[in-house]
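Q: Please take a close look at how the secondary-structure elements are arranged and packed in this model. A connected account, with the criteria behind each term, would be appreciated.

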Amino acid sequence: MPDVPVPEVSPSRSNLRVHPPWWHLSRTGLLFGAAYFLTSMAPSLLPRTWYYQGLISGLCAAVGYALGVLVAWLVRRISRLVDLHVTVSGEARHWLLVAAPLFGAVAVLGLTVANVRSQARTAAVVHLAPLHPLDWALALALAASVAVLFLVLARGLRGATRQLAEAAGHVLPRTIATVVAVVVVGLAAAWVTDSVLFHRTMQAFAGVAAQGNTAPTGRPAPTSALRSGGPGSLESYASLGYQGQMFVTSAPTPAQITAATGRGAIEPIRVYAGRTADRTVSDVADAVVAELKRTGAFERHVLAVITTTGTGWVDDWSAQSIEYLSDGDSAIAAMQYSYLPSAMSMMTDRDTPREAGKALFDKVYAVWRTLPEGQRPQLVVGGESLGSYGGQAAFADARDMLARAQGGVWVGTPSFTDIAAQLTAERTPGSPEIVPVVDDGLHIRFAASGDQLTHDYEGRDYGVWDFPRFVYAQHPSDPVVWWNPALLGAEPDWLREPRGRDVNPDVTWMPFVTFWQLTTDMAAGHDPPDGYGHRYGPELVPAWGSVLGGSPTDDYSAVIAGIEKTVNRVA
């Protein structure tokens, strides 16, 4: 019987696993990546430097590419499940292959030019210079490098997952092996990202910040007993840290106050305590109260509790406004609770500022309330950015703030601050989120500029301003105010409503992208001149003048000129 040839049996297509070469790029991924890249170049509140633009664009392009790959995978899966086949005729396919790249190139070029011009308009609005062509070239190069880096990392993780799945497939069913591989590689990547990259980066930043805290200021210790670090002080000058030393040595003299106001003045009190390794936040607050008692601060006309920013900084525009407007009959208490810049603390540690703000005010208030009612100083509060966030944590809500404090100025308050968020949510219908109206401005007024203490954002006059008075100073162009993790997936009211006068009308909300734009905007918050971004300066003088008992319409020009000569702008 002759041999019967046995036909070769080719493997089933369902069992044949062909992986594309490492250099292969998904067309859908490229489409999504290009779209996200273009949206990342759209304008935000402040003009970005080339390196921040490059980082954002590269990150967004990588995320867009990953999203496109995921969408393509889902479409293929669904098509197989429903047995859907899409065919294109030869002629139509030819035109698609020719027209799609051409259309894409024109769209990319047109949108890029439009975004570059729009970012230039943003720069003009806040009186800054736009990026030069060389800056844009550097930004594009950095964006490409960042995107490629993320792509390489993603493909490395995918390769590791496949290898682990194939190894586990010898002892487990294929589906279970794949799930196990994805979970194991995902957990490993998360651990490396969090425990190795993130924490070590934070440790490095903390080390740099700690060195900055001990950097010499070049200023000698105070010679006045009314300053922490001076003669008789319970706090050594060295223990105050860089910002503490700047604070206690920046107070105006009685002569400077008199020269600006034309009235007699006394020497103001400034007390401060630094955060050292052997002291808790509560210990530092106790040290500040001890300094207040030592200097006779509870006998002054005004006693201000200022919560500092992350580095321990106190805005001298706020501090000197209090001192000039009270003719020096004031005491300001502040403390350090961290070394990290506010923007970093906002993203990594929101508990310590709240703990510090509450501890300091509660301990000062406990002493203040024991004094006879007729002999108590006017107890006011304040803080800027993270200091405003932490300072408001001393109060349960707005009613508690009105009951226990006798006024205050909160500057550049982050939108996730509890009391500010509550007031904004309960604002008068029709008033914008950028400058909400609360109870017709009876006690609390939001102001986007120094001349808005008497009227709302649309120019309508407020009614009577009763005491205690509180001011929330916040620029529409201040990224510190509007940065919020919720931006990742939800459009806020301030981007649904008409833009502020110092914001480019082209600014719009985009999922994921807007969050990272504002994240980098925070780093540039102090770049614009006073009146824009996170720079408030002279407009705090009428705010504090109103809180301390004056009128918003008083002439503060002489005081502003006096402070301008000596203000400490080191943030």
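**The sheet and its packed helices**

A: Seven strands make up an open sheet with parallel pairing, in the order 1-3-2-4-5-7-6. Strands (E, at least two residues) and helices (H or I, at least four) are DSSP runs numbered from the N terminus, and two strands count as paired if DSSP finds at least two bridges between them. The model is predicted, and local features require pLDDT of at least 70, side-chain atom pairs pLDDT 80 or more, while totals for chains, interfaces and linings use all residues. Residues are numbered from 1 along each chain as its sequence is written, and side-chain values use heavy atoms, leaving out hydrogens and water.

Strand 1 (269-273) and strand 6 (444-447) are the edges of the sheet, each pairing on one side only. Neighbouring strands are turned against each other by 15° on average, direction ignored; axes are lines fitted to C-alpha atoms, for helices over the stretch in contact, and angles between N-to-C directions run from 0 to 180 degrees. Within the sheet, strand 2 (residues 302-307) runs parallel to strand 4 (residues 378-384), and six bridges join the two. Val305 stands opposite Val381 of strand 4.

Helix 8 (residues 281-295) lies across strand 1, strand 2 and strand 3 (330-335), at about 155° to strand 1; contact here means heavy atoms within 4.5 Å. Helix 8 also supplies Asp286 to a pairing with Lys363 of helix 11 (residues 351-368), 77 residues apart in the chain. This is a salt bridge, with the closest N and O atoms 3.1 Å apart; the term requires a side-chain nitrogen of Lys or Arg within 4 Å of a carboxyl oxygen of Asp or Glu. The whole structure holds 17 salt bridges.

Helix 19 (residues 557-566) has contacts with two other helices, beginning with helix 9 (residues 316-325): their axes come within 10 Å and cross at roughly 130°. Helix 9 and helix 19 are therefore oblique to each other, since angles under 35 degrees count as roughly parallel, over 145 as roughly antiparallel, 65 to 115 as roughly perpendicular and the rest as oblique. On the helix 9 side, Asp316, Trp317, Gln320, Ser321, Tyr324 and Leu325 meet Val559, Ile560, Gly562, Ile563, Glu564 and Thr566 of helix 19. These contact residues comprise six nonpolar, four polar and two charged, where Ala, Val, Leu, Ile, Met, Phe, Trp, Tyr, Cys and Pro are nonpolar, Asp, Glu, Lys and Arg charged, and the others, Gly among them, polar.

The second partner is helix 7 (residues 254-261), which packs against helix 19 at about 145° with the axes 8 Å apart. Gln256, Ala260 and Thr261 of helix 7 meet Ala558, Val559, Gly562 and Thr566 of helix 19. This contact divides into three nonpolar, four polar and no charged residues.
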